[in-house]
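Colleague: I am new to this structure and would like to know how its descriptions are reached. Could you take me through a few of them?

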Amino acid sequence: MERTALLRSLSCSSLACSRFLFSAPKFSRSFLSKSRAVPSAARYHRRLVPNRSLLRRNKWRSLAAASSNSSTLRFSLNKKHFSSLAVRAVASPPTQPDISGVDDEVAEKLGFEKVSEEFIGECKSKAVLFKHKKTGAQVMSVSNDDENKVFGVVFRTPPKDSTGIPHILEHSVLCGSRKYPLKEPFVELLKGSLNTFLNAFTYPDRTCYPVASTNTKDFYNLVDVYLDAVFFPKCIEDFQTFQQEGWHYELNDPSEDITYKGVVFNEMKGVYSQPDNLLGRTAQQALFPDNTYGVDSGGDPQAIPKLTFEEFKEFHRKFYHPSNARIWFYGDDDPYERLRILSEYLDAFDASNAPHESKVLPQQLFSEPVRIVEKYPAGEGGDLKKKHMVCLNWLLSDKPLDLQTELTLGFLDHLMLGTPASPLRKVLLESGLGDAIIGGGVEDELLQPQFSIGLKGVSEDDVPKVEELIMNSLKKLVEEGFDSDAVEASMNTIEFSLRENNTGSFPRGLSLMLRSMGKWIYDMDPFEPLKYEKPLTILKARIAEEGSKAVFSPLIEKYILNNPHCVTIEMQPDPEKASRDEAAEKEILEKLKSSMTEEDLAELARATQELKLKQETPDPPEALRSVPSLSLHDIPKEPMRVPTEIGDINGVKVLQHDLFTNDVLYTEVVFDTSSLKQELLPLVPLFCQSLLEMGTKDLSFVQLNQLIGRKTGGISVYPFTSSIRGKKDPSSHIIVRGKSMAGRADDLFNLMNCVLQEVQFTDQQRFKQFVSQSKARLENRLRGSGHAIAMARMDAKLNVAGWISEQMGGLSYLEFLQALEEKVDNDWAGISSSLEEIRQSLLSREGCLINMTADGKNLSNSEKFVSKFLDLLPSKSPVERASWGIQLPPNNEAILIPTQVNYVGKAANLYDSGYQLNGSAYVITKHISNTWLWDRVRVSGGAYGGFCNFDTHSGVFTFLSYRDPNLLKTLDIYDGTGDFLREFEMDDDALTKAIIGTIGDVDAYQLPDAKGYSSLLRHLLGVTEEERQTRREEILSTSLKDFKEFADAIDTIKDKGVAVVVASPDDVEAANKERPDFFEVKKGL
Ligand SMILES: [Zn+2]
């Protein structure tokens, strides 16, 4: 997620990097990795469409992870030699800064009693646990000097069935409350606050409402809206909100068919269309048949329509109560003010019985293993025999584990699976039995920890072989133990990551909250999970004294091999499942319709109209004004500047950013790919992966990975492509990114050189694995992030940079990989020499650029290593730019996949029809997403998301929807945007909010490495400081007139735009019937 900020700072909602189309990084879910930025959650539900982030953010990180698979895959960092483990990897002595607290007496007066208090060296914070005396609400008040303040309120919400109550409630409470009586205060905050984080998550047993901001006034505004929302929501009296967010019958006209609608309903249909998701759900439910984890808190689309409004209200009454709440404050604000705000809300309640009713009971261990076979919806083409998935899952213990054991298990997880060189991962992938690894390793976010591992893309006959291989490999690890270099590499990777605490754009305080909550929610100590130094020291000492085998082998035996609580899940592809589910749903609805009288039908049609009307009626200005906002005076007039010095070393341009990084050096080496032959482009991602995973003449890839793990914080290699505004030729580069302790800069640059120059492209079998992994990843992406595939496809039709990106990550890339699979067998020599050719045309001091971020002293100390690195690079005369004047034909396309919900896109290039960029476009684009598209595509259309994006570098404006039950209807909404803008009215308050929200995006909070990186991207794309200043002024002076004028530009999309959808065959057929030959049909899966 760290790229959020990067990209936003580039120049607002630039899409420059969002071209990269790979799945989100895979994180380990161990105790250790809870330091990771993102909550583990694709499994959990978020209120906001995850792809808002996907679109704008997250881009290059995903690509980096996908193409490098280096030691950055699970942990991003690492550092010292084992012998020096005692030395802190990141120097941060736990001295206590001067942090103000709340006088006990003052706290008492406000109704709180102090339970305990600690200074936590690991996060340099003073943490105080309070209890609200009247209700028993618990409050963690964490104080430090972090300006990115975080608040969160969390309730235990264990469901009893799979109707999705917790999830629907999570969506609904943010739809208006006592003090903020408008349709969606949440959207008002999205539009008009400086939040650095705003969302809500539903876990299997809890619901979290976090917000963050660096601006104190803004922060308290967000806190107030959230508190009012959870304790006094309108939805418990408003049946229509329940219908809108949960489910309802829709009947537009008595002559038409009745359908189900609802945001969560469609969101979950999308989730249930993805085999990986289905597998995760099946595994969880099978591991915990007897407690709350045996049902789906997100909601099973077949069960959601059984939920009644009464049950929904009762669930809120019972669980959304202060007695059942855990509240978190973090940052540099006044701890007194926190308690004052809380007392206003909490005092209104008396203690309740909720803490008992919401207790999560443990699952007892089985005495025998279980085996489950399930079907998943598959496409009709391809070799279905090779599409089986098999996964082994264990429940590790009948009660929560202590932190020391958890940390050790997390370490074991990293050793077995953390990097491509890790033995269990390696042996599974090298077996050739499947395409990609599934199962998340150790997971410990729920009451009891689990371990799961398996393969997908397995042929039916090989399923037992996979199971056998996993068991045998685990036995072998018990017998042989782990390589000492591997142990050292894992230790350093984990230690570096914990201490660097680089959570990207995800607020550090939120990452800590989620970590603390993992224990606190089960009535355990909330301080413990924040303190890793002691257990880490103990673990290191044990490894040093007893040897790693004595530490880890008994764990594998006890928790896995000798543990009968094992569930094996086999998922079989079923090409008829999607249509069967569809037909079953239709039948229910037809039966319902035939049982209804004419009056009933008329009444349902009337109710449908009434709901639509309500959804489409804007809130009155008075209601909108109830949501507090900043004024333009609170906004800095100048953009945030990143210190940048441009110099040169050995004739190569070097950008240096003098920023405090706690002794870590971050660097990027950028190479120009514009001389690459066109036919080599699709090979670039695999080239990048090969660099990190093939090995050299002297080092196997395992050794190379371990070296990187031991000496650096990780190295990744990935392509970067974007249009440059006003230029014909795109920016097309390969970026090598690395980090290490500044004292290890020598090692870092040596290893980068080794990766670039010495790696040999000779390992045919490994390359074959890369191809099948990439193919599996892309297929997964097509189902889970079809909007990104659609967007890439449209971009490829509209500009050259888009075309290049699509070659490296879109549907074209998938087609390329399918063909490549055979070619690896038939013409490996040809591929190997193509990889070498890419290296030859890339590696040169010409067109090379270095970017470095660290403090001044460390920057200058590192220069000699940069110079040595550059000396080793060949110097060539500049090569001719290859001509890539190619785009895909601009026809409308439908890409078919087995799904029940669609992804619908339409786009055009606004610059081609004469539009000239003005900063107001950022405000308008954001506003269209948050009003017109939110209201029509999501709220009344029933899609999980609808949004638009303006790539200011290429000029391409894109509309997209996510998990959308509609198709042509959504395209019509897009086409109506121009008229919406023409008739658009807004008062000054609303306009100010829109401007402030946009500035919030532009000024997104960034950690130092992100600041340095975004400055690099601006440099590559020719965005000057003057231009940033101009855009900012234009944003700040946006007027209603700008909105109206933008209407003509937007109409380009209606008149000349190209539409691409990723959709179900039935819906596409129906669309082509309604509008003959509208879509050219392409097979996706
Ligand atoms: Zn949701």
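Modeller: Gladly! Let us start with a yardstick: the expected span of a helix is 1.5 Å times one less than its number of residues. Helices (H or I, at least four residues) and strands (E, at least two) are DSSP runs, numbered from the N terminus. This is a predicted model, where local features need pLDDT of at least 70, side-chain atom pairs count only at pLDDT 80 or more, and totals for chains, interfaces and linings use all residues. Residues are numbered from 1 along each chain as its sequence is written, and side-chain values use heavy atoms, with hydrogens and water left out.

Colleague: How do you know what the 14 residues of helix H19 should span?

Modeller: At 1.5 Å a residue, H19 (residues 533–546) should span 20 Å, and its end C-alpha atoms are 20 Å apart, so the two values agree. Just after H19, Gly547 takes a positive phi of about 90°.

Colleague: Which residues of H19 are buried, and what covers them?

Modeller: Buried means under 20% relative accessible area, exposed over 50%, and partly exposed in between (1.4 Å probe, protein chains only). In H19 the buried residues are Glu533, Pro535, Leu536, Leu539, Lys540 and Ile543. Their cover includes helix H14 (403–417), helix H17 (484–500) and helix H20 (548–561).

Colleague: Why does Asn501 count as buried or exposed?

Modeller: Asn501 has 15% relative accessibility, so it counts as buried. Asn501 sits in the loop between H17 and helix H18 (508–520), and its phi is near 50°, a positive value in a residue other than glycine.

Colleague: And what makes Asp1077 buried or exposed?

Modeller: Its relative accessibility is 71%, so Asp1077 counts as exposed. Asp1077 lies in the loop between helix H40 (1065–1074) and strand S28 (1080–1083). Asp1077 is not a glycine, yet has a positive phi of about 55°.

Colleague: Which angle do helix H5 and helix H9 make where they pack?

Modeller: H5 (residues 165–172) and H9 (residues 263–271) pack at about 125°, their axes 10 Å apart. That makes H5 oblique to H9, because angles under 35 degrees count as roughly parallel, over 145 as roughly antiparallel, 65 to 115 as roughly perpendicular and the rest as oblique. Axes are lines fitted to C-alpha atoms, for helices over the stretch in contact, and angles run from 0 to 180 degrees between N-to-C directions.

Colleague: Which residues make that contact between H5 and H9?

Modeller: Counting heavy atoms within 4.5 Å as contact, His167, Ile168 and His171 of H5 meet Val263, Val264, Glu267 and Met268 of H9.
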